[in-house]
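Dear colleague,

I am passing this structure on to you, and you will find the sequence and the coordinates just below. My notes on what was found follow after that, arranged by topic.

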Amino acid sequence: MTDLLRYAADLEGKPGRPLPPVEKWDPPYRGDIDVVIRRDGVWTHEGEPIRRAELVRLFSTVLRKEGERYFLVTPVEKLGIAVEDTPFLAVLMRREVAGAESRIVVTTNVGEEIVAGPDHPIRYVLRNGEWAPYIEVRAGLEALISRTVFYDLVAIGETREIDGKLWFGVSSAGAFFPFRPSDEIFADQA
């Protein structure tokens, strides 16, 4: 992990820098390290939370998903890590409206902002009998949408007809993201 820490130290203190091109790097796999991203968004090393938010942010910029596995990647090494659900949480949301166009801007727990739309779709997955919302952050990496942000999305939701069925969802950057059919949502409240 020394190369990874050295790389992180080189990047630290350079705000506004673009994300590293991890998808272009092909370093040798050096094994797994005891880093876990918990379902609640906390990054741990050897069972202890990583308390330096700047370090977590830096590690998040060199995170890559290959199949179902996650890796921290630098130009010289690739290290496997464990992710309990998704590597990010969507913790804030704001709606920007310009004329007829609206955008939903989501902020992750590591401070990355993304605009929901065709490049960053929102999807719903049935897990343990409940629907869980996710948004793609980049290159197959997703953020679990927190309950608070989900309620914010519901508050700005709208109903649209798709293939003869009414769907409740949100629109952003020209795309519509249905939650599920309106009759199912309102049946839950009966």
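**What was found**

I begin with a small detail of strand pairing: His45 has Glu48, in strand S3, as its bridge partner. Strand S2, residues 43–45, and S3 run antiparallel and are joined by two bridges. Please keep in mind throughout that this is a predicted model.

**The two sheets**

S2 and S3 belong to an open sheet of six strands with mixed pairing, in which the order is S3-S2-S1-S6-S5-S4. Its edges are formed by S3 (48–49) and S4 (63–66), each of which pairs on one side only.

Another open sheet of six strands, again with mixed pairing, has the order S9-S8-S7-S12-S11-S10. Here the edge strands are S9 (113–115) and S10 (122–127), each pairing on one side only, and the twist from one strand to the next averages 45°. At the S10 edge, six bridges pair S10 with strand S11 (residues 130–138) in the antiparallel sense, and one of the residue pairings there sets Val125 against Ala132 in S11.

Helix H3, which covers residues 147–155, lies across several strands, namely S7 (88–98), S8 (101–108), S10, S11 and S12 (141–145), and runs at about 25° to S7.

**A hairpin later in the chain**

Strand S13 (residues 158–162) and strand S14 (residues 165–172) run antiparallel and are joined by five bridges. They form a hairpin with two residues between them, and in that turn Asp163 has a positive phi of about 50°. Ile162 stands opposite Lys165, which is in S14.

**Charged pairs**

How many salt bridges does the structure hold? The count is 13 salt bridges, and I describe a few of them here.

In one of them the side chains of Asp32 and Arg69 meet, at 2.8 Å from N to O. Asp32 is in strand S1 (residues 29–37) and Arg69 is in strand S5 (residues 69–73), so this salt bridge ties together parts of the chain that are 37 residues apart in sequence. Asp32 is exposed, its relative accessible area being 51%, whereas Arg69 is partly exposed at 36%.

A further salt bridge joins Asp40 to Arg38, with 2.8 Å between the closest N and O atoms. Asp40 is partly exposed, with a relative accessible area of 43%, and Arg38 is partly exposed as well, with a value of 29%.

Arg127 and Asp85 also form a salt bridge, and their closest N and O atoms are 2.8 Å apart. This pair links distant parts of the chain, since Arg127 is in strand S10 and Asp85 is in the loop between S6 and S7, 42 residues apart. Arg127 is partly exposed, with a relative accessible area of 22%. Elsewhere, Arg94, Glu96, Arg103 and Glu113 are joined into one network by salt bridges that share partners.

**Aromatic pairs**

There are six aromatic pairs in the count. In the pair of Tyr29 and Phe71 the ring centres are 6.0 Å apart and the planes stand at 90°, so the arrangement is edge-to-face. Tyr29 lies in strand S1 and Phe71 in strand S5, 42 residues apart, and the pair therefore links distant parts of the chain. Is each ring buried or exposed? Tyr29 is partly exposed, with a relative accessible area of 43%, while Phe71 is buried, with 5%.

The rings of Tyr124 and Phe150 have centres 6.5 Å apart and planes at 70°, so this pair is edge-to-face too. Because Tyr124 lies in strand S10 and Phe150 in helix H3, the pair ties together parts that are 26 residues apart in sequence. Tyr124 is buried, with a relative accessible area of 15%, and Phe150 is partly exposed, with 24%. Both rings belong to a cluster in which ring pairs link Tyr124, Phe150, Tyr151, Phe168 and Phe179.

**Where to read with care**

The chain averages a pLDDT of 88, and 85% of the residues score at least 70. Among the elements of the chain, strand S6 (residues 78–83) has the highest mean pLDDT, 98, and helix H4 (residues 182–189) the lowest, 49. Over residues 185–190 the pLDDT is below 50, and this stretch has four contacts in the model beyond near neighbours in sequence. Where pLDDT is low, the predicted coordinates should not be read in detail.

With best regards

Definitions and conventions. Residues numbered from 1 in each chain as written. Predicted model: local features only at pLDDT ≥ 70, side-chain atom pairs only at ≥ 80, totals over all residues. Heavy atoms only, no water. Pairing = 2+ DSSP bridges. Helix = DSSP H or I, 4+ residues; strand = E, 2+ residues; numbered from the N terminus. Axes fitted to C-alpha atoms, helices over the stretch in contact; angles between N-to-C directions. Contact = heavy atoms within 4.5 Å. pLDDT = per-residue confidence, 0-100. Salt bridge = Lys/Arg side-chain N within 4 Å of Asp/Glu carboxyl O. Buried < 20%, exposed > 50% of the residue type's maximum accessible area, 1.4 Å probe, protein only. Phe/Tyr/Trp six-rings, centres within 6.5 Å; stacked < 30°, edge-to-face > 60°.
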